[in-house]
Amino acid sequence: MPDSPIRLLIADDHPIVRDGIRGMFTGDPRFEVLGEAGDGAQAVELARALEPDVILMDLRMPRMDGVSAIKELVRLGIAARVLVLTTYDTDSDVLPAIEAGATGYLLKDALREELMRAVEAAARGEAVLSPSVATRLLSQVRTPADPLSAREREILELIAQGATNREAAARLFISEATVKTHVLHIYTKLGVNDRAAAVAVAYQRGLLT
C-alpha cells in the first residue's frame with residue numbers, strides 16, 4: 001500500500017448514516033473522505049469528478065439504486081473499487097451487486113476495525129465478504145443450476161404464463177392435487193412462498209427464459 005491515504009466516497013441516502021460512516025474515518029491518517037452522495041446517480045457524478053479509490057455504496061437508494069450505480073461505474077470505466085455497505089444480505093441483493101462488479105459486500109453491523117480492514121482490502125482489489133454473504137454465495141455455488149425436475153419446470157412455465165393449478169392439470173393431463181404437490185416442491189427448491197416469487201426467482205436464475 002502507498003503512504004498516501006485511501007480516498008473514499010460515501011454513498012447512502014440517510015444523512016445520519018453518512019455522518020456516522022464519515023465519523024469512523026475522520027482523524028485516521030490511513031483514509032481521506034472526499035465526499036458524500038445521497039443516491040446512486042450522485043455517486044456516479046462524484047466518482048467521475050473526485051476519482052476516489054473506494055466507494056462505500058448502499059444498495060437501496062432513490063433515483064438510482066446501488067446495483068445500477070455499480071453497472072454505470074463499470075460502463076464508464078471508473079477505476080474506483082466498490083464496497084457495498086448495506087443492511088440487506090438476501091440473494092436478491094447480494095448476487096446482483098457482486099455480478100455488477102462490486103469488490104466487496106459488508107453489512108452495516110460490521111465493527112469499525114472490520115470496516116477499516118475491508119476498505120484497505122478493497123483498495124488492494126481483494127474481494128471482501130461478510131460471513132453471512134460468503135455463506136450465501138457458497139450455497140449458491142453448491143446448489144445445482146437447475147434444481148427442478150422436468151415436470152416441475154413444465155408446471156412453472158405454465159404458472160409464468162398465468163395458468164391456475166386447474167388449468168395446468170388439464171394441460172398436462174394430471175390431477176390438480178398432483179399439480180399442487182409439484183408447486184409446493186417448486187416453492188421449497190426455490191426458497192419462496194408464492195407463485196409470483198417462484199416465477200421471479202426462476203427468471204433470475206435462468207430457469208425460465
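Biologist: How far apart are the axes of α7 and α10, and at what angle do they pack?

Modeller: In this predicted model, helix α7, residues 150–160, packs against helix α10, residues 195–204, at an angle of about 110°. Their axes are 10 Å apart.

Biologist: Why give me both an angle and a distance?

Modeller: Because two packed helices are described by the angle between their axes and the distance between the axes.

Biologist: OK, so is α7 roughly parallel or roughly perpendicular to α10?

Modeller: The angle of about 110° makes α7 roughly perpendicular to α10, because angles from 65 to 115 degrees get that label.

Biologist: Left-handed or right-handed crossing?

Modeller: The crossing of α7 past α10 is left-handed.

Biologist: Which residues make the contact?

Modeller: From α7 you have Leu 156, Ile 159 and Ala 160. From α10 come Arg 195, Ala 198, Val 199, Ala 202 and Tyr 203. Sorted by class, the contact of α7 with α10 has seven nonpolar residues, no polar ones and one charged.

Biologist: Let's move along to α8 and α9. How do their axes sit?

Modeller: Helix α8, residues 165–172, and helix α9, residues 176–190, have axes that come within 8 Å and cross at roughly 110°. That makes α8 roughly perpendicular to α9. α8 passes α9 in a right-handed crossing.

Biologist: And who's touching whom there?

Modeller: Asn 165, Arg 166, Ala 168 and Ala 169 of α8 meet Glu 176, Val 179, Lys 180 and Val 183 of α9. This contact of α8 with α9 divides into four nonpolar, one polar and three charged residues.

Biologist: What about α3 and α4, what angle do they make?

Modeller: About 10°, with the axes 9 Å apart. That makes α3 roughly parallel to α4, because angles under 35 degrees count that way. On the α3 side the contact uses Val 67, Ile 70, Lys 71 and Val 74, and on the α4 side Pro 96, Ala 97 and Ala 100. By class that gives six nonpolar residues, no polar ones and one charged.

Biologist: Ile 70 caught my eye. What else does Ile 70 contact, away from its sequence neighbours?

Modeller: Leaving out neighbours within four places in sequence, Ile 70 is in contact with Met 57, Val 82, Val 84, Ala 97, Ala 100, Gly 101 and Ala 102. Ile 70 also belongs to the largest nonpolar core, which has 27 residues. Ile 55, Met 57, Ile 70, Leu 73, Val 84 and Tyr 105 touch the most other members.

Biologist: Which helices and strands feed that core?

Modeller: β1, α2, β3, α3, β4, α4, β5 and α6 each supply at least two of its residues. Apart from this core lies another one, of 21 residues, and Ile 159, Val 183, Ala 198 and Val 201 are among them.

Biologist: New topic: Arg 75. Where is Arg 75, and is it buried or exposed?

Modeller: Arg 75 is in helix α3. Arg 75 counts as exposed because its relative accessible area is 60%, over the 50% cut-off. Between the C-alpha atoms of Arg 75 and Thr 181 there are 45 Å in space, and the two are 106 residues apart in sequence.

Biologist: And Asp 39, buried or exposed?

Modeller: Asp 39 has 10% relative accessibility, so it counts as buried, which means under 20%. Asp 39 is in the loop between β2 and α2.

Biologist: What does Asp 39 touch farther along the chain?

Modeller: Not counting residues up to four places away in sequence, Asp 39 touches Met 61, Pro 62, Arg 63 and Met 64.

Technical notes: Residues numbered from 1 in each chain as written. Predicted model: local features only at pLDDT ≥ 70, side-chain atom pairs only at ≥ 80, totals over all residues. Heavy atoms only, no water. Core = buried A, V, L, I, M, F, W, Y, C linked by side-chain atoms within 4.5 Å. Buried < 20%, exposed > 50% of the residue type's maximum accessible area, 1.4 Å probe, protein only. Helix = DSSP H or I, 4+ residues; strand = E, 2+ residues; numbered from the N terminus. Contact = heavy atoms within 4.5 Å. Axes fitted to C-alpha atoms, helices over the stretch in contact; angles between N-to-C directions. Parallel < 35°, antiparallel > 145°, perpendicular 65-115°, else oblique. Left-handed = near helix turned anticlockwise from the far one by under 90°. Nonpolar A, V, L, I, M, F, W, Y, C, P; charged D, E, K, R; others polar.
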